[in-house]
Amino acid sequence: MVDILVRPMIPEDADRVLAIYQAGLDGGDASFEIVAPTWAAFDAGRLADHRFVAVDGDGLVVGWVAVSPTSTRAVYAGVVEHSIYVDPAAQGRGIARRLLDTLVASTEAAGVWTIQSGVFPENRASLALHARAGFRVIGTRERVGRHHGRWRDVVLLERRSPVVH
């Protein structure tokens, strides 16, 4: 993976981040959402300290990862839910793994003990990525929601930090 830099996400990345998000949604196996949020909504829903982008040698954002808190309750302060998206034209180059590794290091340094996510079972690439990164399957929520007129299952994944206790 030549010329890929992972750095903190900044507001100037908004257009590319949201375009990549929309491309993932358009693919049909990334989320129940069908339209990417506004930057204001994206920004408000994700923790500022744990947002990263992958940038290619031309300075173009080609992927991103970010986390949201799972609860406002203090007992869950160390549990976050993440999203990760890579531009379809840049997939298969290890970018998602670099982003996920950066996220794990960032969250562990901040005392986060669990990163969780929900993935459609049809998204085999995402499931394989998460397995390689130390996530385990908690279970499958069957027919948890309707998406494009059909019921969809969601595989629940989590990564428990081996260093944050």
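Here a colleague and a modeller talk through a sheet and a cavity in a predicted model.

Colleague: Which two strands stand at the edges of the sheet?
Modeller: Residues are numbered from 1 along each chain as its sequence is written. In this predicted model, local features need pLDDT of at least 70, side-chain atom pairs count only at pLDDT 80 or more, totals for chains, interfaces and linings use all residues, and side-chain values use heavy atoms, leaving out hydrogens and water. The open sheet runs β1-β2-β3-β4-β5-β7-β6 with mixed pairing (strands are DSSP runs of E, at least two residues, numbered from the N terminus; two strands pair if DSSP finds at least two bridges between them). One side of each edge strand has no neighbour in the sheet because each has a single partner strand, and these are β1 (5-8) and β6 (136-147).

Colleague: Which residue is the bridge partner of A66 in β4?
Modeller: Strands β3 (residues 61-69) and β4 (residues 79-86) run antiparallel and are joined by seven bridges. Within β4, A66 has as its bridge partner S83.

Colleague: Which element supplies the largest share of the lining of the largest cavity?
Modeller: A cavity is a set of points on a 1 Å grid over the protein atoms alone where a 1.4 Å probe fits but cannot get out, and lining residues have an atom within 4 Å of a point. V104, T107, E108, V112, W113, T114, I115, R159 and S161 line the largest one. Both α3 (95-109) and β5 (114-119) supply at least two lining residues (helices are DSSP runs of H or I, at least four residues). The largest share, three residues, comes from α3.

How values were computed:
On a 1 Å grid over the protein atoms alone, a cavity is a set of points where a 1.4 Å probe fits but cannot get out, and a pocket is an open set with protein on both sides within 12 Å along at least five of seven lines; lining residues have an atom within 4 Å of a point.
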